[in-house]
Amino acid sequence: MAQALSQSRALLTPENQMILRDFQQVRQGGPTARLAALRRSGLYRQGRGEQAALWLAAALGRV
């Protein structure tokens with residue numbers, strides 16, 4: 001999905017381009033960079049447990 005969005009980057013608003021960049025860093029950066037990008041991106045899950053799982057997955061590089 002991220003690859004398809006990357007190919008359509010020019011069609012995204014500047015704000016959404018930054019969110020896409022952050023999401024790509026969540027998937028590819030080192031542990032600290034992944035968590036920082038997750039925080040910047042504003043991505044979240046509905047429940048506290050799900051949010052904790054998202055942060056853990058990002059820290060472990062499993063997003």
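## Exercises around G42 and the α2/α3 pair

G42 is partly exposed in this predicted model, and its relative accessible area comes to 44%.

**Exercise 1.** Where is G42 found, and what separation do the C-alpha atoms of G42 and D22 have?

*Solution.* Start with the chain: G42 lies in the loop between α3 and α4 (48-60). Next, pick D22, which sits 20 residues away from G42 along the chain. Their C-alpha atoms turn out to be 9.2 Å apart. For the burial side of things, D22 is one of the buried residues of α2, while G42 is partly exposed.

**Exercise 2.** Take helix α2 and work out how its span compares with the expected one. Which of its residues are buried?

*Solution.* Helix α2 runs over residues 14-28, so count 15 residues at 1.5 Å a residue, one step fewer than residues. The expected span is 21 Å, and the helix reaches 21 Å from its first C-alpha to its last, so the two are close. Then go through the burial values: L20, D22, Q24 and V26 come out as buried.

**Exercise 3.** How do α2 and α3 pack, roughly parallel or roughly antiparallel?

*Solution.* First get the geometry: α2 and α3 (residues 31-41) meet at an angle of about 150°, and their axes are 8 Å apart. Angles over 145 count as roughly antiparallel, so that's the label for this pair. The crossing is left-handed. Now list who touches whom: α2 brings I19, R21, D22, Q25 and V26, and α3 brings R34, A37, L38, R40 and S41. Finally, sort these contact residues by type: four nonpolar, two polar and four charged.

How values were computed. Residues are numbered from 1 along each chain as its sequence is written. This is a predicted model: local features need pLDDT of at least 70, side-chain atom pairs count only at pLDDT 80 or more; totals for chains, interfaces and linings use all residues. Side-chain values use heavy atoms; hydrogens and water are left out. Helices (H or I, at least four residues) and strands (E, at least two) are DSSP runs, numbered from the N terminus. Buried means under 20% relative accessible area, exposed over 50%, partly exposed in between (1.4 Å probe, protein chains only). Axes are lines fitted to C-alpha atoms, for helices over the stretch in contact, and angles run from 0 to 180 degrees between N-to-C directions. Angles under 35 degrees count as roughly parallel, over 145 as roughly antiparallel, 65 to 115 as roughly perpendicular and the rest as oblique. A crossing is left-handed if the near helix is turned anticlockwise from the far one by less than a right angle, and right-handed if clockwise. Contact means heavy atoms within 4.5 Å. Ala, Val, Leu, Ile, Met, Phe, Trp, Tyr, Cys and Pro count as nonpolar, Asp, Glu, Lys and Arg as charged, and the others, Gly among them, as polar.
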